[in-house]
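Let's take a look at the enclosed spaces inside this protein. The questions are where they sit and what lines them.

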There are 2 protein chains.
Amino acid sequence: MAIDTAAAKQQVLDAADALFYERGVQAVGMDAIRTASGVSLKRLYQLFPSKDVLIEAYLDRRNILWETMLNEHVEAKTDPRDRILAVFDFLYDWSQQRDYRGCAFINAFGELGSVSPRVAELALQHKEGFRQALIGLAKAAGAEDPDRLADHLILLSEGAITRSAISGGSDPALRAREAASLILDASLRH
Amino acid sequence: MAIDTAAAKQQVLDAADALFYERGVQAVGMDAIRTASGVSLKRLYQLFPSKDVLIEAYLDRRNILWETMLNEHVEAKTDPRDRILAVFDFLYDWSQQRDYRGCAFINAFGELGSVSPRVAELALQHKEGFRQALIGLAKAAGAEDPDRLADHLILLSEGAITRSAISGGSDPALRAREAASLILDASLRH
DNA sequence: CAGTGCGGAGAACGTACGTTCTCCGCATCT
DNA sequence: AGATGCGGAGAACGTACGTTCTCCGCACTG
């Protein structure tokens with residue numbers, strides 16, 4: 001029973017994730033999620049008692065998935081400088097997915113940030129998590145001012161994420177990597 | 001008569017701009033715009049025959065306003081390097097407005113980009129206009145590879161715009177300016 | 001003064017959505 | 001076999017929205 005519930009939750013989240021990310025949160029009705037997940041409406045509501053809860057679960061899942069993918073790219077490298085640049089390799093790979101639509105948190109924030117404090121908070125937490133990860137990488141690379149370097153790298157990353165979404169290619173990630181390299185040259189010089 | 005129409009259009013656009021930008025496009029009903037603009041629903045529909053048309057007019061207006069504000073900041077400087085950095089001064093001033101909510105085009109794209117080709121196109125055009133402006137500034141500054149430099153600067157700008165929106169302060173613009181300065185050091189070195 | 005047409009206020013219509021309710025089959029327990 | 005309760009399908013309900021329609025007052029024409 002518990003295992004069925006978990007499996008059903010996963011099915012619903014799979015469907016919700018795909019639909020929310022593709023069309024935006026508000027544009028997707030509970031009925032579309034029901035149809036896509038093959039679960040009954042009653043069951044859907046006992047798994048996620050409201051759309052807000054489902055949205056939150058969707059964002060949680062995106063956050064975890066994002067961190068996982070990022071870590072995989074970073075941990076494939078050993079050299080501290082390469083580990084920083086791996087962030088942009090990740091963004092490149094990500095932006096090449098056919099269903100790529102930018103950052104789910106930025107999109108959700110744009111839709112609901114001013115009306116849903118919870119969504120605004122989750123977006124902030126997601127970005128803060130990314131910031132901490134970059135600070136860690138910057139420290140490991142021996143940056144003089146890791147916070148500052150991390151902020152600079154974040155700006156390039158966010159820029160690449162949204163520009164890829166709007167213009168459709170993966171070039172922005174490549175360009176961001178170049179720019180990051182320039183900034184690393186300047187910030188790791190001792 | 002024609003002048004009244006123009007004035008009424010302006011009133012409607014003022015109201016629509018404030019509401020769309022603040023709450024997102026889909027969350028604002030025509031009735032809210034009617035109430036805020038003080039115009040009758042009939043008149044509203046004869047000025048803008050559908051919500052889609054109004055959204056388009058809203059984005060057009062944002063684009064013009066944005067370019068105007070950017071140009072004002074850039075033209076206040078004469079030194080080519082300062083003119084590039086003025087872009088970030090503009091972003092700083094903009095992000096300090098109390099109702100600041102990031103880039104209207106990114107927000108609209110997140111909501112409607114996958115369902116409205118027109119919105120996707122307008123977002124792309126807006127970003128492309130920005131890109132061309134930066135290329136011009138980069139050329140004037142004597143950059144070796146103006147396109148590349150412009151792309152790097154765009155990434156920092158977009159990053160600053162969205163990060164300010166989510167975390168709420170103006171720090172990102174300051175940090176973007178610093179990073180831009182580093183990149184200029186590397187790209188204008190001859 | 002009677003007639004005419006335009007503009008405003010808001011009711012009305014059709015649709016879509018979030019959420020709840022009804023009905024019914026079916027598996028399980030005695 | 002009869003009773004019981006859970007799950008599925010989808011109807012139903014209330015609300016909100018985009019858009020259109022109705023009604024009415026009022027300014028202007030003869």
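What follows is a quick tour of the cavities.

Keep in mind that this is a predicted model. Searching the whole structure turns up 5 cavities of 30 Å³ or more. Here are two of them side by side.

| Cavity | Volume | Lining by class | Top contributor |
|---|---|---|---|
| Largest | about 70 Å³ | 7 nonpolar, 3 polar, 1 charged | α4(B), 5 residues |
| Second largest | about 60 Å³ | 7 nonpolar, 4 polar, 1 charged | α8(A), 4 residues |

So to speak, chain B hosts the largest one: its wall is made up of R62(B), N63(B), L65(B), W66(B), M69(B), W94(B), G102(B), C103(B), A104(B), F105(B) and H126(B). Two elements of chain B, α4 (51–75) and α6 (104–112), put two or more residues each into that lining. The top giver there is α4(B), with 5 residues.

Which chains line the second largest cavity? Both A and B do. From chain A come R101(A), G102(A), C103(A), I106(A), N107(A), I161(A), T162(A), A165(A) and I166(A). Chain B adds I106(B), F109(B) and G110(B). In terms of elements, α6 (104–112) and α8 (146–167) of chain A, along with α6 of chain B, each hand over at least two lining residues. Here α8(A) gives the most, with 4 residues.

As for chemistry, the lining of the largest cavity has 7 nonpolar, 3 polar and 1 charged residues. For the second largest cavity, the split is 7 nonpolar, 4 polar and 1 charged.

Technical notes: Residues are numbered from 1 along each chain as its sequence is written. Chains are lettered from A and ligands numbered from 1 in the order in which they are written. This is a predicted model: local features need pLDDT of at least 70, side-chain atom pairs count only at pLDDT 80 or more; totals for chains, interfaces and linings use all residues. Side-chain values use heavy atoms; hydrogens and water are left out. On a 1 Å grid over the protein atoms alone, a cavity is a set of points where a 1.4 Å probe fits but cannot get out, and a pocket is an open set with protein on both sides within 12 Å along at least five of seven lines; lining residues have an atom within 4 Å of a point. Grid points are joined across faces, edges and corners, and a volume is the space filled by probe spheres set on the points. Ala, Val, Leu, Ile, Met, Phe, Trp, Tyr, Cys and Pro count as nonpolar, Asp, Glu, Lys and Arg as charged, and the others, Gly among them, as polar.
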